[in-house]
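Hi,

Here is the structure I promised to pass on. Have a look at it first, and then read on for what turned up.

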Amino acid sequence: MIVAVTLAALVTGTLGGYLGARYERDGGTHPLTLPAPAPGPGRPAGSIADLAARSLPGVVTLRAAGSREAGTGTGFVLDDRGHILTNNHVVAPADGGGDLSVTFSGGQTLRAELVGRDAGYDLAVVRVRGVRNLTPLTLGDSGGVQVGDPVVALGSPFDLPNTVTSGIISATERPVTAAGEGGESAVSYVNALQTDAPLNPGNSGGPLLDATGHVIGVNSAIRSASGTGEGQAGSVGLGFAIPVNQARWVAGELLAHGHVAHPVMGVVLDSREDTSGALVGSGKDAVAPGGPADRAGLAPGDLVTAADGRPVTSAEDLIVRVRSHRPGDRLRLTWVRDGKEHRTTLTLDAAD
């Protein structure tokens, strides 16, 4: 009997505690009413949120796989015919019969075909078919970009699609060289836009937007803590994009011809790093007979110290300056021979 009374008291106490807590939670005789959600912040036209919402439908994730390797990168829609611009090193694993696919921001995945690619400029154009209502991004003018301009980068870092980061232009006309990946022997030379917008592996080929939402660059490389390239160390605030004015021309050449003619001076440069410029080789074939440099009066052993009025610090630096032009463009050079400075202007040829 004592056990039964004790159990009844325990049940009664528990029930009373529950009802009391419920009564208190509901506000007793005055029920509580939580306030309505406060309105969120406004997102005016031109805000990062606005740019992202308008541009992400035109950004895609590319996956390329071949017999020896696979990779993921980014691209963006050029036109309503399904042409997409990206980096050459993004699609390189699929060249020669591999698999290449494109996934849009909404999740639709389609097989893609390679239109053309160029390792020297690290750019490629692919195409998808059978998709409607594409959102081509508008190409801007990288010639007017200034240090400090705000920028937004869109892409798929570490295979995380629809990722948006922002920053500023840290520098312009930054000479950048990058070796080909996955067995690619060619080296790309870029007179790049530098940005502190966080870029990571997988951002390659994605658009760098200005404050109006226009593409001003193609994100292509990072300098990581472990060195230059797309290392797994991730972003340290040093990212590089191919200026869109150059990308526009290369894409047009790839669409029209499937390849790009590289501009050349007609010289072989000495790759030694202990020079204060770009040293023309000393061999008898260092200056191509009848080529642009020969016509301009350069000779083996000359030291090129400036191009288009900007100092040249190395052979790679001069190659980058040449690659930022097109065949037929004029290039102003300053060079030194026997301690005497010379100036001339040459017309670039197209490489064979």
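**What I found**

Val250 seems a good place to start: leaving aside residues up to four places away in sequence, Val250 touches Tyr121, Leu123 and Val260. Keep in mind that this is a predicted model.

Val250 also belongs to the largest nonpolar core, a set of 28 residues. Phe76, Leu85, Leu123, Val218 and Val250 are the members that touch the most others there. Several elements give at least two residues each to this core: the helices are H2 (48-55) and H4 (244-257), and the strands are S6 (123-128), S7 (150-155), S9 (187-195), S11 (215-224) and S13 (239-243). H4 makes the largest contribution, with 6 residues.

Next, the barrel. Six strands close up in the order S1-S2-S3-S6-S5-S4, and the pairing is antiparallel. On average, neighbouring strands of this sheet are turned by 40° against each other, ignoring direction. If you want to check one pairing by eye, try S2 (residues 70-77) against S3 (residues 83-86): they run antiparallel and are joined by 3 bridges. Gly75 has Thr86 in S3 as its bridge partner. H4 comes in here too, since the helix packs on the sheet and touches S3, S5 (109-118) and S6. The direction of H4 makes about 55° with that of S6.

S7, one of the strands that feed the core, is worth a look as well. Is S7 mostly covered or mostly open? Mostly covered: 5 of its 6 residues are buried. S7 is joined by 2 bridges to S10 (residues 207-209), and the two strands run antiparallel. Within that pairing, Ala153 has Leu208 of S10 as its bridge partner.

Now the charged pairs. Side chains of opposite charge can pair when their charged atoms come close. How many salt bridges does the model have? The count comes to 10, and three of them are described below.

- Arg310 and Glu173 meet through their side chains at 3.4 Å, N to O. This pair links distant parts of the chain, with Arg310 in S18 (residues 310-311) and Glu173 in S8 (residues 163-179), 137 residues apart. Arg310 has a relative accessible area of 36%, so the residue is partly exposed. Glu173, at 35%, is partly exposed too.

- Asp302 and Arg337 form a salt bridge at 2.8 Å, N to O. Here again distant parts of the chain are linked: Asp302 sits in the loop between H5 (292-296) and S17 (303-307), Arg337 is in S19 (residues 330-337), and 35 residues separate them. Asp302 counts as buried because its relative accessible area is 0%, and the cut-off for buried is under 20%. Arg337 has 29%, so this end of the pair is partly exposed.

- Glu341 pairs with Arg343, and their closest N and O atoms are 3.0 Å apart. Glu341 counts as partly exposed because its relative accessibility is 44%. Arg343 reaches 63% and therefore counts as exposed, the cut-off for that being over 50%.

If you only have a few minutes, I'd go to H4, which gives the core its largest share and packs on the sheet, and then to the pair of Asp302 and Arg337, where a buried residue meets a partly exposed one.

Cheers

Note on methods
Residues are numbered from 1 along each chain as its sequence is written. This is a predicted model: local features need pLDDT of at least 70, side-chain atom pairs count only at pLDDT 80 or more; totals for chains, interfaces and linings use all residues. Side-chain values use heavy atoms; hydrogens and water are left out. A nonpolar core is a set of buried Ala, Val, Leu, Ile, Met, Phe, Trp, Tyr and Cys residues joined through side-chain atoms within 4.5 Å. Buried means under 20% relative accessible area, exposed over 50%, partly exposed in between (1.4 Å probe, protein chains only). Helices (H or I, at least four residues) and strands (E, at least two) are DSSP runs, numbered from the N terminus. Contact means heavy atoms within 4.5 Å. Two strands pair if DSSP finds at least two bridges between them. A salt bridge is a side-chain nitrogen of Lys or Arg within 4 Å of a carboxyl oxygen of Asp or Glu. Axes are lines fitted to C-alpha atoms, for helices over the stretch in contact, and angles run from 0 to 180 degrees between N-to-C directions.
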